[in-house]
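Subject: Handover of a structure

Dear colleague,

Please find below the structure that I am handing over to you. The findings follow directly after it.

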Amino acid sequence: MDFRLSPEEETLRKTVEEFVRERLIPLEPEFKDAPDIFEGSRWKSRARLSRDPVILRYIEIMEDLEKQAEAQGLWHLDVPKEYGGMQVSNVAMLAITEELEKSAVPFEFGNHVSNILYNCKGDQIEKFLWPCIRGEKTSAFGLTEPASGADPSMLQTTAVPNGDHFIINGTKMFPTFADVADFVQLFARLPDTKGREGVTCFLIETGTPGYRVTRSIETIAGSEPCELVFEDCRVPRSQVLGGVGNGWALNQAWLGARRFQVGIRAHGMAQRVLRVVAQLLGGDSADANKFVERIGYFLGELEALRTLSYFGAWKADQKMDVRSEAANVKLFGTELLHKIVDFALEIAGPTMLRKSHVLARYFRHARARRIIEGPSEIQRHIIQRALFREGVAGLELP
Ligand SMILES: Cc1cc2nc3c(=O)[nH]c(=O)nc-3n(C[C@H](O)[C@H](O)[C@H](O)COP(=O)(O)OP(=O)(O)OC[C@H]3O[C@@H](n4cnc5c(N)ncnc54)[C@H](O)[C@@H]3O)c2cc1C
């Protein structure tokens with residue numbers, strides 16, 4: 001096991017470190033009250049619809065940062081080399097995110113490209129993949145349904161073959177940004193299949209007859225997920241992603257790859273929260289002494305989270321099975337972050353419950369992270385399943 005970066009990756013990490021120190025940290029006061037709209041790499045699609053001068057000012061700053069990052073070669077980092085990207089390893093991507101997380105400015109390198117889109121073939125590449133890489137199009141991810149979320153194998157949306165097309169019927173809940181996305185990666189099942197069998201992923205453009213975004217839902221998480229309805233929506237077979245019946249594997253690949261980023265982001269946000277706590281407590285006053293034990297414990301747990309995230313990313317780079325590590329990182333990272341923000345609010349007292357206060361904002365985001373992309377209960381379920389698969393011996397020390 002070796003988490004060291006190659007000399008090229010280390011140069012890249014240092015460039016990011018410098019970018020964060022020189023470009024992002026000075027902007028922190030300006031972003032103190034920035035609206036949630038700027039969280040994540042898909043902010044452009046919604047923010048650009050706004051005429052609000054405050055939003056327009058933030059867009060200007062973000063676009064300027066984007067230009068600076070591109071000029072320094074900090075773009076397309078995880079895009080495969082065949083598409084002109086740098087294809088950095090999972091471990092290096094973690095090191096880069098760790099640097100970015102040192103700043104509270106919600107800036108990310110690169111355009112949003114769902115990793116399963118690299119399964120595009122033939123015309124799909126020009127139509128869906130390239131525009132996402134270039135930042136001209138964005139996509140939504142349509143998996144959750146009113147009756148299937150924590151367990152997506154229960155999904156009920158149907159895809160019935162009809163000549164060169166499929167006819168899609170069903171409802172999707174919560175695809176983030178679907179109201180402003182150019183297309184959705186939609187998961188549906190073939191007739192007479194159940195569980196993980198027959199699940200197929202379709203690329204469906206917004207505006208396709210029979211596909212409607214029926215509402216968007218304001219959430220405490222900052223993003224606005226949507227409800228989508230498909231009524232006899234005809235989709236050409238050429239818009240199946242990754243082959244008919246291969247949707248389950250795509251869904252797993254999408255979740256697996258993102259988990260280690262979730263861990264390092266939780267780590268970064270928790271550290272920023274603890275910095276706010278340190279400021280509130282003011283050095284080594286008597287007040288601070290009351291909490292040193294708990295803070296020391298949190299710092300130890302954060303170091304464990306960091307190592308767990310790098311370990312998972314390293315295993316993913318070795319193409320090893322990371323299902324358990326992915327669940328461990330999601331569970332441990334999001335629960336720990338929530339515990340630390342809760343502690344910070346306890347120390348800060350009621351004035352910090354002001355809606356726009358940074359701790360209140362972190363609290364909303366931290367709580368949502370325990371649910372989005374698979375709730376904690378399901379992660380525990382995945383972890384205990386590994387125990388019964390491997391037996392108690394799997395837990396014995398060597
Ligand atoms: C802000 C936001 C953005 C989202 N973005 C997307 C998106 O882009 N695309 C998408 O497809 N989905 C998205 N989701 C959906 C999200 O992934 C689901 O909400 C999540 O997977 C839980 O599914 P559910 O809401 O149907 O909960 P349910 O499956 O109804 O579960 C509800 C609760 O019951 C408990 N539970 C369920 N099963 C078990 C079990 N077996 N054992 C113990 N406890 C259990 C858990 O605590 C769970 O939180 C988003 C959700 C939110 C809130």
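Strand E3 (165-176) and strand E7 (residues 225-236) run antiparallel and are joined by 9 bridges. Within this pairing, Phe166 stands opposite Val235 of E7. Please note that the model is a predicted one.

E7 also pairs with strand E6 (residues 211-216), again in the antiparallel sense, over 5 bridges. Here Arg215 has Glu227 in E7 as its bridge partner. E3, for its part, pairs with strand E2 (residues 158-162) in the antiparallel sense, and 5 bridges hold that pairing. Val160 is the residue opposite Ile167 in E3. E2 and E3 together form a hairpin with 2 residues between them, and Gly163 in the turn has a positive phi of about 60 degrees.

The domains come next. The protein is divided into three parts: domain 1 covers 7-110, domain 2 covers 139-245 and domain 3 covers 251-390. The centres of domain 1 and domain 3, taken over C-alpha atoms, are separated by 21 Å. Contact between these two domains involves 11 residues of domain 1 and 15 residues of domain 3. On the side of domain 1 that touches domain 3, the residues divide into 5 charged, 3 polar and 3 nonpolar.

Which residues have the most contacts inside the largest nonpolar core? They are Leu94, Ile96, Ala270, Val273, Leu337, Ile340 and Val341, in a core of 54 residues. Seven helices each supply at least two residues of this core: H1 (7-24), H4 (53-71), H5 (90-100), H7 (247-281), H8 (286-317), H9 (323-348) and H10 (358-369). H9 gives the most, with 10 residues. Because domain 1 (7-110) and domain 3 (251-390) both give residues to this core, the core lies between them. As an example of the packing, Ala270 touches Leu302, Leu336, Leu337 and Ile340, not counting residues up to four places away in sequence. There is also a second, separate core of 39 residues, which includes Val113, Leu117, Leu155 and Val180.

The ligand deserves a paragraph of its own. It is surrounded by 22 residues, and the closest are Leu143, Gly149, Ala150, Pro375 and Glu377. Strand E1 (139-142), strand E3 (165-176) and helix H11 (376-390) each supply at least two residues of the shell around the ligand. By class, this shell has 12 nonpolar, 8 polar and 2 charged residues. Where does the shell around the ligand lie with respect to the domains? Domain 2 (139-245) and domain 3 (251-390) both give residues to the shell, so it lies between them.

One last residue may be of use when you look through the loops. Gly73 is found in the loop between H4 and H5. Is Gly73 buried or partly exposed? Gly73 has 13 other C-beta atoms within 10 Å, and a residue counts as buried only at 20 or more and as exposed at 12 or fewer, so Gly73 is partly exposed. Gly73 and Met86 are 13 residues apart along the chain, and their C-alpha atoms are separated by 9.4 Å.

With kind regards

How values were computed. Residues are numbered from 1 along each chain as its sequence is written. This is a predicted model: local features need pLDDT of at least 70, side-chain atom pairs count only at pLDDT 80 or more; totals for chains, interfaces and linings use all residues. A residue is near a molecule or strand if its C-beta atom, placed from the backbone, lies within 6 Å of it. Helices (H or I, at least four residues) and strands (E, at least two) are DSSP runs, numbered from the N terminus. Ala, Val, Leu, Ile, Met, Phe, Trp, Tyr, Cys and Pro count as nonpolar, Asp, Glu, Lys and Arg as charged, and the others, Gly among them, as polar. Domain bounds come from an automatic or database domain assignment. A nonpolar core is a set of buried Ala, Val, Leu, Ile, Met, Phe, Trp, Tyr and Cys residues joined through C-beta atoms within 7 Å. Two residues are in contact if their C-beta atoms, placed from the backbone, lie within 7 Å. Two strands pair if DSSP finds at least two bridges between them.
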